[in-house]
Amino acid sequence: MSSKLRSLLKKIYLNLTRHKVIDALKIKIMEKVSFKIAKECSYKDKPEIFETIFLETRTLCNGNCSFCASSRRYRHMPWARKDKMMPEKTVKKVLSELKKINFKGRIAFHVNNEPLLEPRLLKFVKMARKACPQAYIQILTNGLLLTKDKGEKLLKAGINELNINNYSDKLVFRENIEEFLRSMVPKFPNVKIEAHLRKETAILTNRAGSSPVGIPINKPMRAMCGYPFKQFNITVNGDVGLCCQDLFFKQVMGNVNKKKILDIWFGSSFIWARKELLKGNRKSIPLCSKCDSAGYKTVQLKQLPFYWSFLGRLAMER
Ligand code: SF4
Ligand code: SF4
């Protein structure tokens with residue numbers, strides 16, 4: 001289905017369902033689905049190693065998304081994050097610890113920032129590839145600064161995926177992205193190169209209360225959330241957040257400059273948060289108490305019977 005048709009159908013569905021009672025029903029469905037997924041995927045408070053490690057090596061973004069507090073449209077706001085960089089020694093420490101455990105999961109250079117604004121990105125990708133030859137290295141970019149030259153260097157350095165979110169309310173690809181895809185997709189058949197159209201002014205989740213246009217919730221959801229079971233998010237000063245929605249890193253689980261990453265991942269803060277989430281107690285975690293995220297992703301819905309998967313998907317749409 002084309003993205004334009006999907007967007008039209010979504011608009012019709014949302015207009016038909018925009019009502020307080022239906023919103024409350026959607027939340028109930030999301031809560032139930034989140035527990036079903038937790039059961040299906042056997043989530044534990046002390047899970048295996050994280051699937052993805054996200055390194056936010058520079059806080060800046062040049063995107064203009066209305067739903068994101070990192071957007072350039074909010075740079076003048078008193079709460080906007082300052083442009084800061086992660087010291088190289090922090091990146092080296094993290095990579096050397098990943099090397100010791102022969103990390104095979106995903107390494108990405110973003111949380112709520114634009115990786116192509118990081119002048120050391122190519123160097124960091126090469127370091128990551130050397131440290132973890134079997135890891136899956138992903139670059140997720142808004143594509144504003146993507147050129148054939150810049151992208152090709154990253155592809156040659158051994159990334160596994162270059163994923164582009166082309167933000168455009170008119171749902172059209174920018175010229176530089178079309179040109180990049182035309183020339184690089186045939187040249188690198190073994191690398192996943194994808195571009196997706198996304199609306200700059202979409203209404204998404206409230207991003208744990210950080211979204212400037214997010215809708216606050218009346219009371220904490222009683223739902224599980226899978227993020228702290230899978231992700232490890234590090235920002236410039238070495239702080240580790242509870243999840244990628246924690247844009248301001250308010251719920252700090254540890255600091256990689258002071259502790260080993262595995263000690264943080266298996267440490268008391270993460271275990272406590274996971275235990276509370278397994279019980280659906282979002283209310284006991286300050287960050288989660290404000291969050292309206294479903295706590296699951298569409299890909300996980302495939303593990304449920306069709307009707308739950310269908311309902312779970314519809315409930316997430318907003
Ligand atoms: S959603 Fe991504 S591209 Fe958009 S402003 Fe936020 S960090 Fe930037
Ligand atoms: S409920 Fe929200 S804030 Fe809490 S871990 Fe999940 S996504 Fe993050």
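Here are a few exercises on this predicted model, each with a worked solution.

Before you start: residues count from 1 along each chain as its sequence is written, while chains are lettered from A and ligands numbered from 1 in the order in which they are written. Because the model is predicted, local features need pLDDT of at least 70 and side-chain atom pairs count only at pLDDT 80 or more, though totals for chains, interfaces and linings use all residues.

**Exercise 1. Overall build**

Task: Work out how many helices and strands the protein has, and how its radius of gyration sits against the globule rule.

Solution:
- Start with the DSSP runs (helices are H or I, at least four residues; strands are E, at least two; both numbered from the N terminus). You get eleven helices and eight strands.
- Next, take the radius of gyration over C-alpha atoms, and the globule rule as 2.2 Å times the number of residues to the power 0.38. The protein comes out at 19 Å, close to the 20 Å that the rule gives for 318 residues, so it is as compact as a globular protein of that length.
- Then box it in: along the principal axes, the C-alpha atoms fill roughly 50 × 45 × 45 Å.
- Last, count buried residues (20 or more other C-beta atoms within 10 Å of their own; exposed is 12 or fewer, partly exposed in between; C-beta atoms placed from the backbone). They make up 37% of the 318 residues.

**Exercise 2. The sheet**

Task: Find the strand order of the open sheet and its edge strands.

Solution:
- Call two strands paired if DSSP finds at least two bridges between them. The order is then S5-S4-S3-S2-S1-S6-S7-S8, with mixed pairing.
- Look for strands that pair on one side only: these edges are S5 (192-198) and S8 (252-255).
- From one strand to the next, the twist averages 25° (axes are lines fitted to C-alpha atoms, for helices over the stretch in contact; angles run from 0 to 180 degrees between N-to-C directions).
- Now check two pairs. S2 (residues 106-108) and S3 run parallel, joined by three bridges, and Ala-108 has Gln-138 in S3 as its bridge partner. S7 (residues 239-241) pairs with S8 in the antiparallel sense, also over three bridges, with Gly-241 partnered by Val-252.

**Exercise 3. The two faces of S3**

Task: Say which side chains of strand S3 (residues 136-141) point to the buried face.

Solution:
- Walk along the strand and the side chains alternate.
- Ile-137, Ile-139 and Thr-141 share one face and are buried.
- Tyr-136, Gln-138 and Leu-140 point to the other face and are not buried.

**Exercise 4. Ligand shells**

Task: Sort the residues around ligand 1 and ligand 2 by class.

Solution:
- Keep residues whose C-beta atom, placed from the backbone, lies within 6 Å of the ligand. Around ligand 1 these include Cys-61, Cys-65, Cys-68 and Glu-114.
- Now sort: Ala, Val, Leu, Ile, Met, Phe, Trp, Tyr, Cys and Pro are nonpolar, Asp, Glu, Lys and Arg charged, and the others, Gly among them, polar. Ligand 1 gets three nonpolar, six polar and one charged.
- Ligand 2 has 13 residues around it, and Ala-208, Cys-225, Cys-243, Cys-288 and Cys-291 come nearest. This shell divides into nine nonpolar, three polar and one charged.

**Exercise 5. Two positive phi values**

Task: Place Ser-42 and Leu-171, and decide whether each is buried, partly exposed or exposed.

Solution:
- Ser-42, with phi of about 50°, is in the loop between H2 (20-40) and S1 (52-55). It counts as exposed because it has 7 C-beta neighbours inside 10 Å.
- Leu-171, with phi near 55°, lies in the loop between S4 and H6. Its 15 C-beta neighbours inside 10 Å make it partly exposed.
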